[in-house]
Each structure stands twice: as structure tokens, then as C-alpha cells.
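Welcome, and please open your viewer. We will go through this protein one selection at a time, starting with the whole chain.

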Amino acid sequence: MFSTVKTIVGNTDATSCADLVHFCSNRSLKLLRFTCPETCGCADPFDDRMFRSPAMGCLPKCQQLAVVEANQWGCVSQEPNHAWSAFWNEWAIQRKFGGNGFVEVIDQF
């Protein structure tokens, strides 16, 4: 499956998921997030929530791990980061142009 992902993104020289990490926030690359869930932040509760759902390629088990991790933090303010900026940019695009799956992703959190 990794060789298919490398071909899709156009980086056939990649040897690991780390070589493709900068493609993880590409909305259309569900197969990359399915193939490289840890690298793409699927279990990171503070990563881009837009892409952390099964509908966007992340495995349900990763989503469960993210919830467990988030619950360990309790009620603590987090500084904004690139992932959250990307999330809200994607949210704005979805609101303006529409799209399937966004409401489903939001409803999970």
C-alpha cells in the first residue's frame, strides 16, 4: 500500500511515512492517512481534527487513542498551532463551498 501512496503523491523515492508527512494535510489523501496514521497525527488530539476521522482516512482505533490522550490533559488551554490554523482554514473553505463529511467530523467531537 505504501508504494501506491508514494506514486499518488509523486514521491517514489520515499522510504518511510516520515518522507511523506508534509502531504498528510492534503484533504484528498485519505489513503496516506490510512497507511501512515501515526505520522499523520491520527492519534494526536491536538493535531488537525478535520483529518483525524475515519471519514478522512484515519483508523477508528487512532480516534479512540486521541480521545484517551485528550482526556488526560483535562481542562488546560492550548496555544494555537499550525494544525489548528489548517483546521479552521479548511472549515472556512467547507462553509463557503460546501462539501461532504465535514458535519460528520465535527459531530464526533
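Begin with everything selected: of the contacts in the protein with a separation of 6 or more, 43% join residues 24 or more positions apart, where contact means heavy atoms within 4.5 Å. You are looking at a predicted model, in which local features need pLDDT of at least 70, side-chain atom pairs count only at pLDDT 80 or more, and totals for chains, interfaces and linings use all residues. Residues are numbered from 1 along each chain as its sequence is written, and side-chain values use heavy atoms, with hydrogens and water left out.

**Whole chain, cartoon view.** The protein has five helices and zero strands, giving the pattern α-α-α-α-α along the sequence. Helices (H or I, at least four residues) and strands (E, at least two) are DSSP runs, numbered from the N terminus.

**Colour by confidence.** pLDDT is the predictor's confidence in each residue, from 0 to 100. The protein averages 78, and 71% of the residues score at least 70. Select helix α2 (residues 30–35) for the highest confidence, at a mean of 93, then helix α5 (residues 102–107) for the lowest, at 45. Widen that last selection to residues 101–109: pLDDT stays under 50 there, and the model has 16 contacts beyond four places in sequence for them. Where pLDDT is low, the predicted coordinates should not be read in detail.

**Switch on the surface.** About 6,800 Å² is exposed, and carbon and sulfur atoms supply 56% of it (areas by the Shrake-Rupley method with a 1.4 Å probe). Of the 109 residues, 32% count as buried; buried means under 20% relative accessible area, exposed over 50%, and partly exposed in between (1.4 Å probe, protein chains only).

**Now go inside.** Which residues make up the largest nonpolar core? Select V5, V9, A14, C17, L20, C24, L29, L32, C36 and C40. Such a core is a set of buried Ala, Val, Leu, Ile, Met, Phe, Trp, Tyr and Cys residues joined through side-chain atoms within 4.5 Å. From A14, look for its contacts with F2, K6, D19 and L20, leaving aside residues up to four places away in sequence.

**Step across to K6.** This residue sits in helix α1 (residues 2–9). K6 is buried yet has no salt bridge, and the nearest side chain of opposite charge, D13, is 7.3 Å away. A salt bridge needs a side-chain nitrogen of Lys or Arg within 4 Å of a carboxyl oxygen of Asp or Glu. Beyond four places in sequence, K6 touches N11, T12, A14 and L20.

**Finish in the loop between α2 and α3.** D44 is found here, and so is A55. Buried or partly exposed, what is D44? D44 is partly exposed because its relative accessible area is 32%. D44 touches R52 and A66, not counting residues up to four places away in sequence. For A55, the value is 26%, so A55 is partly exposed. Draw a C-alpha distance from A55 to K30, 25 residues apart along the chain, and you will get 8.2 Å.

How values were computed
Lys, Arg positive; Asp, Glu negative; His and termini not counted.
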